[in-house]
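Student: I am new to this one and would like a guided tour. Could we go through it with questions and answers?

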Amino acid sequence: MAQYDVIVIGAGPGGYVAAIRCAQLGLKTACVEGRETLGGTCLNVGCIPSKALLHASHQLHEAEHNFATMGLKGKSPSVDWKQMLTYKSDVIKGNTTGIEFLFKKNKIDWLKGWGSIPEAGKVKVGDEVHEAKNIIIASGSEASPVPGADVTVDEKIVVTSTGALELPKIPKKMVVIGAGVIGLELGSVYKRLGSEVTVIEFLDNITPGMDGEIQKNFLKMLKKQGLEFVLGAAVQKVDASKTKAKVTYKLRKDDSEHTLDADVVLCATGRRPFTDGLGLEALGVEMSPRGQIKTNAKWQTNVPGIYAIGDAIDGPMLAHKAEDEGMAAAEVIAGKHGHVNYDVIPGVIYTAPEVATVGKTEEQLKEEGVAYKVGKFPFMGNARAKAVFQGEGFVKMLVDKATDRILGCHIIGPGAGDLIHEICVGMEFGASAEDIALTCHAHPTFSEAVREAALACGDGAIHA
Ligand code: NAI
């Protein structure tokens, strides 16, 4: 029986980062993972493989739509789906083996198998029981069933994001249930690869919780790309055969029932914490009604020595939020002051254009009665964006009316997922829009649009 200072359960972005930080802080560390490879949902069947397919399908879009204009002549590339999946698998392998290397480098033991906690201070993997002064649960999440609907996922015709990354062929017709991040990213991939894609969404807007202006413009852009939307509609059931499916939904405004045929149905109506088999009930670990492990501000559960982080606890289900909690929990265990600023966690949708957001939305500021100013700048006024056919979208900055302090920023446009971090750093330092506006930004870059939005909060943007 091995003895550890820390055993982390789960090697996703929360768990493997926690393990590495524990080891860096001098703690003897092991990480339990039952998958064949490290990296969890994100690296194996989530963020990373979907980004590979988004990248490949975006290149196809560029070739089909912009190459000729730039003087690049020739037949448009055709899609070799098998090769695209091989490319995606190679990307996964490169990343997951990278984590294995980091584990070795940091002398972290990978305990292979599914872990459970028979009692505080002990982790069982297979027949072996290991002792640990501290346990960090980082067991992640799984796709939720479509709420209130009769839908059976077979991961062939009716799929979650996992099956959607491994389809045997590109479907002619795809129905996506849910216009959240997964539905729109994977819907975009298949639309670009030639599928007819219809997204059915329960609410009247896409991307719930995002700034209203972003929602509206994003919807317009996706429609222009050929995605179809049925909003305000609740899916009732999916009848699937071995090769086809029929989706029945009701429009909320008049209760009328409709159907859509599809070759593949992607269920993307959210995820829920995955804590099966850990033995938490017997241990008396407190859970929320939504199945999340309850933790305090130091990621401690009510059972001494047991911590929890990532998708298994409260908060946005984002890899980077889990990573931050992993580092912070490790620091708490090592006697330091782990901290996560939940007010500055960016969210990114990796479509084209990308959408990125941090801090408050305009709707939230109105609801909270905060006096604010808006600074907006369109990418059409950004020379670099126009030069590369990416002039769609804008930067919207929300700042406190009295102090000019940045309260939120919402970007739809080229490189939005990278641009947002200037604002994140600014917000961490309590920056004002003027601080961003007075900072020299290299020309010609997309980032000038962020500076221009900051200028628009003051005496005005230059190129608008
Ligand atoms: P989501 O919570 O983002 O969106 C689900 C959507 O489904 C909502 O708009 C909801 O109104 C709708 N819906 C629910 N029931 C419905 C019904 N019966 N009929 C029609 N629509 C219905 O969930 P999603 O996209 O599945 O993502 C799961 C989690 O994974 C999220 O927390 C997301 O942030 C995370 N994720 C993040 C990524 C990123 O950061 N780029 C990428 C992929 C996932």
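**A guided tour**

Tutor: Glad to help! Glu281 has a relative accessibility of 80%, so this residue counts as exposed. Keep in mind that the model is a predicted one.

Student: Which helix holds Glu281?

Tutor: Exposure is over 50% relative accessible area, and Glu281, at 80%, counts as exposed. The helix that contains Glu281 spans residues 280–283, and its label is H8.

Student: How far apart in space are Glu281 and Ile108?

Tutor: Along the sequence, 173 residues separate Glu281 and Ile108. In space, going from C-alpha to C-alpha, the separation of Glu281 and Ile108 is 28 Å.

Student: Let's turn to the ligand. Which residues around the ligand come nearest?

Tutor: There are 23 residues around the ligand. By class, this shell has three charged, four polar and 16 nonpolar residues. Those that come nearest are Ile182, Glu185, Glu201, Gly270 and Val348.

Student: Which element gives the largest share of the shell around the ligand?

Tutor: At least two shell residues come from strand E12 (233–240), and at least two from helix H6 (181–192). The largest share is three residues, and the element that gives them is H6.

Student: What is the distance between a nitrogen atom of the ligand and a polar backbone atom of Val348?

Tutor: Let's take the backbone atoms in turn. Val181 has a backbone N or O atom 3.2 Å from a ligand oxygen atom. For Phe202, a backbone N or O atom is 3.0 Å from a ligand nitrogen atom. For Val348, the distance from a polar backbone atom to a ligand nitrogen atom is 2.8 Å.

Student: How much of the area that the ligand exposes when taken alone does the protein bury?

Tutor: Start with the ligand taken alone, which exposes 850 Å². The share of that area buried by the protein is 81%.

Student: Now the sheet. Which strands are at the edges?

Tutor: Five strands make up an open sheet with antiparallel pairing, and their order is E18-E19-E22-E21-E20. An edge strand here pairs on one side only, which is the case for strand E18 (347–349) and strand E20 (372–378). From one strand to the next, the twist averages 10 degrees. The edge strands, then, are E18 and E20.

Student: Which residue in E19 stands opposite Gly347?

Tutor: E18 and strand E19 (residues 354–359) run antiparallel and are joined by three bridges. Opposite Gly347, the residue in E19 is Thr357.

Definitions and conventions
Residues are numbered from 1 along each chain as its sequence is written. This is a predicted model: local features need pLDDT of at least 70, side-chain atom pairs count only at pLDDT 80 or more; totals for chains, interfaces and linings use all residues. Side-chain values use heavy atoms; hydrogens and water are left out. A residue is near a molecule or strand if one of its heavy atoms lies within 4 Å of it. A polar contact is a pair of N or O atoms within 3.5 Å; within protein, one must be able to donate a hydrogen and the other to accept it, and residues adjacent in sequence count only if both atoms are side-chain atoms. Accessible areas come from the Shrake-Rupley method with a 1.4 Å probe; for residues, only the protein chains shown count as cover. Helices (H or I, at least four residues) and strands (E, at least two) are DSSP runs, numbered from the N terminus. Ala, Val, Leu, Ile, Met, Phe, Trp, Tyr, Cys and Pro count as nonpolar, Asp, Glu, Lys and Arg as charged, and the others, Gly among them, as polar. Buried means under 20% relative accessible area, exposed over 50%, partly exposed in between (1.4 Å probe, protein chains only). Two strands pair if DSSP finds at least two bridges between them. Axes are lines fitted to C-alpha atoms, for helices over the stretch in contact, and angles run from 0 to 180 degrees between N-to-C directions.
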